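Visitor: I am new here and would like to understand the words used for this structure. Could you show it to me and take my questions one by one?

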Amino acid sequence: MPVAISVDAPEVSENLRRKRGYTFLFLSDQKAEVIRRYELLHPRGGPDGTDISRPAEFLIDRSGTVRWENFTEDIRVRPRAGELLAAARAIR
Amino acid sequence: MVDTAARKRTLAPWMGLLLTLLGALSNGLPFVGFPAAPVPWISLLLSLIGFVVVLLGLWRAFGQSTVYKGKLSGSIAAAFSLLFLAVAIVFFWDARHIPAESASAPQVGQLVPDFTLWDSAGHSVSLTQLFSGSAGKEPPKALLLVFYRGYW
């Protein structure tokens, strides 16, 4: 199950979710507390110099252990679905 | 007097301009299912090659003006291709201008910290809760946490 996390306010995410028809969960970390705890902060990376999250994906199993992860060096480059699904299928 | 009609046209500035434009547009390739990884390099390379081709055209028009015409059109193409090249370079730099991956970010095999956040409907949700499953639903075997830059 995908869970999308960003500094966006719940209303912004709800708007995006409806507009694009996404069915997965959006979580709002407006103070970037969780993003900081995960060491993913991109200081002043957002519009108007706000602190945002860098793009990162973690596949975690029921014990909370990271089984696959992806950090990008370029915001245009995101993981391919095939790689991600293969990692997900490996989790039983 | 040089007969202007006898001078050859040079297509190089226009070819170059097209390449720089394609370079700028190629940033959209991942949106149509193209593997994203080589895109930043393709975009930059196309724009750079395009600009070199434009320069070749300018050299023809100005340096060999007895053979080629097109000083004005070449200059116009050069101005636009320079703009596209600048856009490609700024894009390239900006898209990669993210902090170095932190060594203390969760790594494969490590436990991630639990958290409680608000969902888009305004309900509080914790990681533990997500793994315990909602009413009537089987708990998920895995979760994919997607941290993203936000929507703007």
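**How the words fit the model**

Guide: Happily! This is a predicted model, and we can begin with two helices: α2(B) and α3(B) are roughly antiparallel to each other.

Visitor: What makes α2(B) and α3(B) roughly antiparallel?

Guide: The axes of α2(B), residues 39–63, and α3(B), residues 71–95, cross at roughly 160 degrees and come within 9 Å. Angles over 145 degrees count as roughly antiparallel, so this pair earns the name. Their crossing is left-handed.

Visitor: Which residues make the contact?

Guide: On the α2(B) side they include L44(B), F51(B), V54(B) and L58(B), and on the α3(B) side A77(B), L82(B), F84(B) and F92(B) are among them. By class, the contact has 16 nonpolar residues, six polar and one charged.

Visitor: How do you know that chain B is more spread out than a compact globule?

Guide: Set the value against the rule: for 152 residues the globule rule gives 15 Å, but the radius of gyration of chain B is 26 Å, well over that, so the chain is more spread out than a compact globule. Its C-alpha atoms fill a box of roughly 90 × 35 × 25 Å along the principal axes. Within chain B there are four helices and three strands, and the pattern along the sequence is α-α-α-β-β-α-β.

Visitor: How do you know that β5(A) pairs with β3 of chain B?

Guide: Two strands pair if there are at least two bridges between them. Six bridges join β5(A) to β3(B), residues 142–147, and the two run antiparallel. One of the partnerships is D61(A) with A142(B).

Visitor: What does β5(A) form with β6(A)?

Guide: They form a hairpin with four residues between the strands. The pairing is antiparallel over five bridges, against the cut-off of at least two. Across the hairpin, L59(A) stands opposite W68(A), and E57(A) is opposite N70(A). In the turn, G64(A) has a positive phi of about 90 degrees.

Visitor: Why are β6 of chain A and β2 of chain B said to stand at the edges?

Guide: Follow the order of the open sheet of seven strands: β6(A)-β5(A)-β3(B)-β1(A)-β2(A)-β1(B)-β2(B). β6(A) and β2(B) each have a single partner strand, so one side of each is left without a neighbour in the sheet. The pairing in this sheet is mixed, and the twist averages 30 degrees from one strand to the next.

Visitor: Which strands does α1(A) lie across?

Guide: α1(A) lies across β2(A) and β1(B), running at about 160 degrees to β2(A).

Visitor: How many residues are in contact between chain A and chain B?

Guide: There are 56 residues of chain A in contact with 47 residues of chain B. Elements of chain A that each supply at least two residues to this side include β1, α1, β5 and β6. The side of chain A that touches chain B has 30 nonpolar, nine polar and 17 charged residues.

Note on methods: Residues numbered from 1 in each chain as written. Chains lettered and ligands numbered in written order. Predicted model: local features only at pLDDT ≥ 70, side-chain atom pairs only at ≥ 80, totals over all residues. Axes fitted to C-alpha atoms, helices over the stretch in contact; angles between N-to-C directions. Parallel < 35°, antiparallel > 145°, perpendicular 65-115°, else oblique. Left-handed = near helix turned anticlockwise from the far one by under 90°. Contact = placed C-beta atoms within 7 Å. Nonpolar A, V, L, I, M, F, W, Y, C, P; charged D, E, K, R; others polar. Rg over C-alpha atoms; globule rule 2.2 N^0.38 Å.
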